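Trainee: I have a model open and want to practise reading its features. Where do we begin?

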Amino acid sequence: MSKSSSPQRLIALGADGADILHRLGVWSQVVGVTAFYKPPPDVEEKPRVCGFSSGNIEAILKLQPDLVITSTDVQHRIASDLIKAGVTVLALNSRSLDEIYGAIRNLGQLLGKYSQAEHVVAQMMRDLQPVAINGTPRPRVYFEEWPDPLTSGIGWVSELIERAGGVDIFADRRHEKKAAARMVTPEEVIERDPEIIFASWCGKPVEIGEITSRAGWNQLPAVRSGRLFEIPSDHILQSGPGLVRGYELLKQEIGRVASPSRKRHQSRLGRPPRTKVSSPNTAMTTPDLSDARFFINRELSWLAFNRRVLEEAQDPSQPLLERVRFLGIVTSNLDEFFEVRVAGIKQQIEHESNDAGPDGMSARQTFDAIRQDVLKLIDDQYQLWHNELLPELGKHGIYLHDFKSLNKQDHAWATAYFRDEVFPVLTPLAVDASHPFPQLQNKSHNLFLRLKRPERPTEILHAVVAIPRVLPRLVRIPHPKTQEWHYILIQNLIQNHIHDLFPGLTVEQVYGFRLTRNSDLYIDEEEAENLLRTIEDELRKRARGNAVRLEVEHGCPPDMRRALLDIFKLTEDDLYLVNGPLNFLHLMPLTSIDALSSLRDKPYVPITSHVLPAGGDYFEVMRHKDVLLHHPYQSFASVVEFLEHAASDPAVLAIKMTLYRTSGDSPIVHSLVRAAEQGKQVTVLVELRARFDEANNILWARQLEEAGVHVVYGLVGLKTHCKVLMIVRRDEDRLRHYLHLGTGNYHPSTARFYTDLSLFTSNQELGEEVAMLFNTLTGLSEFKGVKNLLVAPFQMHDMFLKLIQHERDLARQGKEGRIIVKLNSLVEESLIIALYEASQAGVKIDLVVRGICCLRPGVPGVSDNIRVTSIVGRFLEHSRIFFFGNGGKPKVYLGSADWMPRNLYRRVEVVFPVLDSGLRKRITDVIIPAYLSDCVKARVLGSDGIYTRAICPEGKEPAQAQLTFRNLARKAASHSLEAKAEKSEYRVQKAPAQ
């Protein structure tokens with residue numbers, strides 16, 4: 001709903017609704033509130049129009065509201081009367097924290113205040129973060145909502161008790177919607193033996209004496225120890241931001257009982273250090289910068305990144321099919337996270353490893369925290385799908401059907417399709433003593449069945465049906481006479497015809513499941529005589545690695561779930577129930593329907609740089625100046641054409657390059673093959689271990705070898721991750737090195753949606769250093785050191801450390817220190833500590849980190865001067881940029897390396913300087929400012945580990961970096977065309993005078 005059509009006269013019948021409206025910044029539109037709302041002192045009073053369950057309908061109607069917000073089902077009579085009078089009523093009626101967050105978001109969307117609502121939700125999530133218990137026993141807690149009859153177990157209070165470190169003794173009631181279902185007896189309270197009692201009697205004063213005098217309650221631990229506490233109703237019973245105050249009291253009292261002397265673990269994402277750290281200028285002791293309090297857990301930071309991806313799917317301003325695409329990306333990201341990161345953590349737990357990261361969390365603590373975050377992420381995914389995306393698709397004529405709901409014609413078509421196209425490729429697999437459980441592939445889609453024989457009804461049978469990958473996951477049901485798209489998921493189609501596979505048996509239950517396996521490769525390169533063959537063997541093993549996650553369709557009975565867990569040697573902590581499509585990637589075909597282009601982003605065609613025009617002489621251009629391209633805004637085709645020119649140019653003697661990833665039918669590989677066939681010396685460093693691209697890399701490595709290309713697999717123990725291309729050409733004056741150095745892969749497909757930077761140069765010093773690097777990688781020579789390049793694992797880490805320390809030293813001398821870094825991930829501990837030291841010295845530091853960030857910004861006395869943002873948008877931010885002020889003589893570097901241990905110590909990486917002053921100015925004056933001013937797609941990391949959307953300055957147009965770069969590329973292309981036209985016109989005008 002646009003701002004112009006959103007409600008303008010609002011009434012809140014609940015204090016929580018009024019509080020939310022105030023925090024959304026629409027208080028001026030509020031014309032009436034409940035008598036129970038206590039506004040802040042500086043907030044304008046509004047007419048009081050109702051109590052808790054009763055209201056003055058006449059007074060409400062006189063205020064002419066266009067939206068009335070109720071907060072509880074107790075107000076149903078008021079709501080009914082208002083609806084009959086023609087008033088629009090919105091019932092929030094939240095019962096859990098997730099529902100509260102959803103209510104705030106929905107209200108924000110309705111009122112045109114989506115970003116403000118996200119900010120309110122993020123603030124609540126930050127303030128309501130769980131405490132870490134570190135194995136400390138949780139005290140039993142009884143919360144009393146009403147004394148007669150006794151009522152307990154309200155959803156969000158139960159959640160807050162557990163977040164505060166306690167155990168709600170009536171947590172089994174938390175999912176009940178009606179208060180009547182949450183009534184308890186005094187005997188039940190005695191039986192559950194609470195150690196703490198909290199009470200809040202819906203606005204009525206709590207009488208502690210009345211509680212302690214109840215029969216038998218004097219023996220309760222809570223009563224004997226005097227641990228009975230009243231919480232004001234507006235602090236705990238109002239389902240809105242006011243809960244934060246009640247949560248603080250819960251944490252305080254539960255924390256005292258759990259362990260009066262225990263130190264709370266503060267390293268987990270979302271929990272800042274509680275101890276105020278002194279400024280280095282005070283007399284207090286300088287803090288230990290390696291303290292776990294100052295580091296965010298790596299895995300939880302990655303999950304926070306995937307949460308930001310989900311936020312793009314949740315953003316109603318996105319085109320509908322782009323939201324569906326982001327939903328699928330979240331699933332894809334989670335798959336890889338479990339295959340690699342969670343698999344590694346589970347191995348640490350199995351080996352009883354006590355090693356903790358810089359954040360201090362053990363493998364067990366990390367695994368438990370991951371599970372909680374993933375459960376919430378998955379729940380939000382499916383809530384979004386059911387509540388928003390699926391209904392919106394229907395509004396645009398896109399329908400996902402359940403087989404049972406199909407009309408007669410579609411039912412007949414689907415049945416025929418199953419019989420003709422699906423049934424022939426299915427294989428029913430019995431599971432019993434003579435039929436062991438089949439070996440299922442990683443991430444395969446399967447059905448698990450419980451069956452019976454009619455003649456032996458007490459005998460339970462199980463079977464599995466694997467859904468072959470040759471079958472489309474999304475089947476379109478033809479409707480040729482309509483502009484509608486009707487689909488059914490292949491799982492649903494098979495489930496409804498599963499009896500055809502088991503004639504003579506009764507199918508009692510059938511549920512879909514999906515298994516994720518450990519997919520990391522285990523390679524001892526020093527023992528592997530043939531690395532290519534060794535990796536091929538490992539790839540075959542990957543499909544049957546140890547199980548790490550089991551996803552099962554919602555509703556699957558506990559005994560069937562237990563059977564699957566036992567078969568795969570998993571526990572309940574590895575089980576995730578999904579309430580909808582088993583894999584959102586199966587919906588991706590929807591995003592590429594040509595007829596639905598209006599529901600996608602407008603296509604962007606990369607601009608060909610006027611400096612390197614198609615068909616131009618690249619070598620001539622590069623002899624005179626360096627060229628910088630910004631992908632995907634400027635076309636990657638220029639890189640491909642550069643190599644194609646080199647392959648066919650008789651003056652080119654040699655081509656050397658690194659390949660980490662490239663596309664399947666790659667023009668890069670074709671050019672290298674053609675160059676070798678023409679007798680040029682072609683050497684390619686292929687990284688066979690590029691995760692999940694290993695098989696593809698093996699395929700074209702063999703193609704290159706067969707064409708006569710020298711294929712080298714790099715240094716033992718190191719992945720070759722740098723992006724370097726060197727052309728050796730005999731020019732008229734001398735042999736010259738022509739270089740392409742990049743931040744991204746030589747992958748034409750991903751170059752269309754990854755943001756990267758390419759540098760074309762014939763700089764002699766850089767050419768000699770790159771040549772020396774290739775000799776190190778292909779031969780036996782040692783790395784002798786270089787002047788310009790930063791090369792991992794040799795000196796890159798030390799050089800970055802010196803650059804940071806130089807800025808720190810300048811600041812200590814009273815000069816300006818400045819650091820700006822754009823990365824994918826920031827994990828390496830010593831560099832984080834160096835940044836903290838620079839911040840303490842007064843260096844202003846901006847970090848644009850797309851994904852993992854273990855640095856905690858904004859901690860007083862430690863990282864006050866550090867700002868961290870993350871940009872998640874249409875294109876995947878992939879470029880790495882490093883800026884150091886250097887006392888007014890800026891140093892700018894680009895490269896392939898993130899600040900992670902693997903990049904700095906276990907990979908061959910190259911970071912290169914931008915030596916041309918004009919290109920350096922383009923980066924410092926155009927590219928970097930665009931990233932730092934983004935307030936549309938940027939999120940800002942707080943000291944508490946929570947990301948919130950950046951707020952745009954008042955009075956200024958919202959800035960979006962990726963949109964800025966698209967516009968700049970188009971503008972440059974337009975100016976180039978105008979210049980060519982003027983030049984052509986000038987020639988025509990001058991012709992008669994010749």
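**Disulfide and sheet**

Mentor: Start with the link of Cys 935 and Cys 952: it is right-handed, with 100° about the S-S bond. This is a predicted model, where local features need pLDDT of at least 70, side-chain atom pairs count only at pLDDT 80 or more, and totals for chains, interfaces and linings use all residues. Residues are numbered from 1 along each chain as its sequence is written, and side-chain values use heavy atoms, with hydrogens and water left out.

Trainee: How far apart are the sulfur atoms of Cys 935 and Cys 952?

Mentor: In general, a disulfide is a covalent bond between the sulfur atoms of two cysteines. The rule here is a pair of cysteine sulfur atoms within 2.5 Å. Cys 935 and Cys 952 have theirs 2.1 Å apart. The count comes to 1 disulfide.

Trainee: Is Cys 935 buried or exposed?

Mentor: Buried means under 20% relative accessible area, exposed over 50%, partly exposed in between (1.4 Å probe, protein chains only). Cys 935 is buried, at 8%. Cys 952 is partly exposed, at 25%.

Trainee: Why does Cys 854 not bond with Cys 853?

Mentor: Their sulfurs are 7.0 Å apart, too far for a bond. Cys 854 is buried, at 4%.

Trainee: Now the sheet. In what order do the 4 strands run?

Mentor: Strands of a sheet pair through backbone hydrogen bonds, either parallel or antiparallel. Strands are DSSP runs (E, at least two residues), numbered from the N terminus. Two strands pair if DSSP finds at least two bridges between them. Here the order is 9-6-10-11, an open sheet with parallel pairing. Strand 9 (167-168) and strand 11 (228-230) each have a single partner strand, so one side of each lacks a neighbour in the sheet.

Trainee: Which residue is the bridge partner of Phe 143 in strand 10?

Mentor: Phe 198. Strand 6 (residues 140-144) and strand 10 (residues 196-199) are joined by 4 bridges.
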